[in-house]
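Here are a few friendly notes to read alongside the structure. Keep the picture open and try to find each element as you go.

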Amino acid sequence: MQLTSSFFTQGGEIPARFSCEGENVSPEFSWKEVPQQTKAFALIVHDPDAPRPGGFTHWVIYNIPGDKGSVGPEVPKEETIPGVGMQGKNDKGEFGYTGPCPPSGKHRYFTRLFALDSKLSIEPGATHETLTNAMKGHILAQTELMGTYEKRGKKAA
């Protein structure tokens with residue numbers, strides 16, 4: 001499986017538009033070369049460099065239909081988006097995407113896509129941990145795209 005974004009490349013810088021310094025909207029992601037038996041996808045955006053145990057999860061979206069090959073930009077911050085999927089809560093405790101906003105330095109943001117053999121029986125609002133547990137035994141394939149971000153407005157001291 002291959003995961004890409006039209007807004008940044010592997011290891012590249014995430015545009016400010018998708019951060020707390022910009023519009024704080026989600027970027028577009030697309031994928032290809034998925035297993036034929038895929039019934040659903042899950043996508044997680046996580047910052048392992050955040051200064052808290054376990055890092056910081058920026059987005060949890062799941063039960064994306066298995067016949068979809070992308071999630072468009074600016075996904076509404078709602079529990080369920082028809083034709084797109086269900087959203088969990090990020091580590092700010094909010095539904096949907098929240099952009100990069102590192103307190104200091106350059107952080108890495110890993111977007112991980114999982115192809116699943118079934119839709120998951122979890123309600124909207126799942127946390128990263130709840131989703132990870134629900135996916136156990138259902139992952140057919142996974143891939144990731146890593147982007148970086150460093151605040152531009154005020155450099156850390």
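1. Let us begin with contacts across the chain. Of those between residues at least 6 apart in sequence, 71% join residues at least 24 apart. Please keep in mind throughout that this is a predicted model.

2. Next, the parts list. How many helices and strands does the chain have? There is one helix, and there are nine strands. Reading from the N terminus, you meet the elements in the order β-β-β-β-β-β-β-β-α-β.

3. Now the overall dimensions. The chain has a radius of gyration of 15 Å, close to the 15 Å given by the globule rule for 157 residues, so the chain is as compact as a globular protein of that length. Along the principal axes, the C-alpha trace spans about 50 × 30 × 25 Å.

4. On to the inside and the outside. Buried residues account for 45% of the 157 residues in the chain. The accessible surface comes to about 7,600 Å², and carbon and sulfur atoms contribute 49% of that surface.

5. Look for the sheet of six strands. This sheet is open, its strand order is 6-7-4-3-8-9, and the pairing is antiparallel. Why is one side of strand 6 and of strand 9 left without a neighbour in the sheet? Strand 6 (80–81) and strand 9 (139–149) stand at the edges and each has a single partner strand, so one side of each has no neighbour there.

6. Within that sheet, follow one pair of strands. Strand 3 (residues 40–47) and strand 8 (residues 107–116) are paired in the antiparallel sense over seven bridges. To find one of the bridges yourself, start at Ala40: its bridge partner in strand 8 is Leu116.

7. The helix belongs in this part of the picture too. Helix 1 (residues 128–135) packs on the sheet and touches strand 3, strand 4 (56–65), strand 8 and strand 9. The direction of helix 1 makes about 140° with that of strand 3.

8. Finally, turn to the sheet of three strands. This one is also open, with the order 1-2-5 and antiparallel pairing. Which strands are at its edges? They are strand 1 (2–4) and strand 5 (70–71), each pairing on one side only. Strand 1 and strand 2 (residues 29–32) pair in the antiparallel sense over three bridges. For a bridge to look up here, take Gln2, whose partner in strand 2 is Lys32.

Definitions and conventions: Residues numbered from 1 in each chain as written. Predicted model: local features only at pLDDT ≥ 70, side-chain atom pairs only at ≥ 80, totals over all residues. Heavy atoms only, no water. Pairing = 2+ DSSP bridges. Helix = DSSP H or I, 4+ residues; strand = E, 2+ residues; numbered from the N terminus. Contact = heavy atoms within 4.5 Å. Axes fitted to C-alpha atoms, helices over the stretch in contact; angles between N-to-C directions. Rg over C-alpha atoms; globule rule 2.2 N^0.38 Å. Buried < 20%, exposed > 50% of the residue type's maximum accessible area, 1.4 Å probe, protein only. Areas by Shrake-Rupley, 256 points an atom, 1.4 Å probe, with all protein chains shown as cover.
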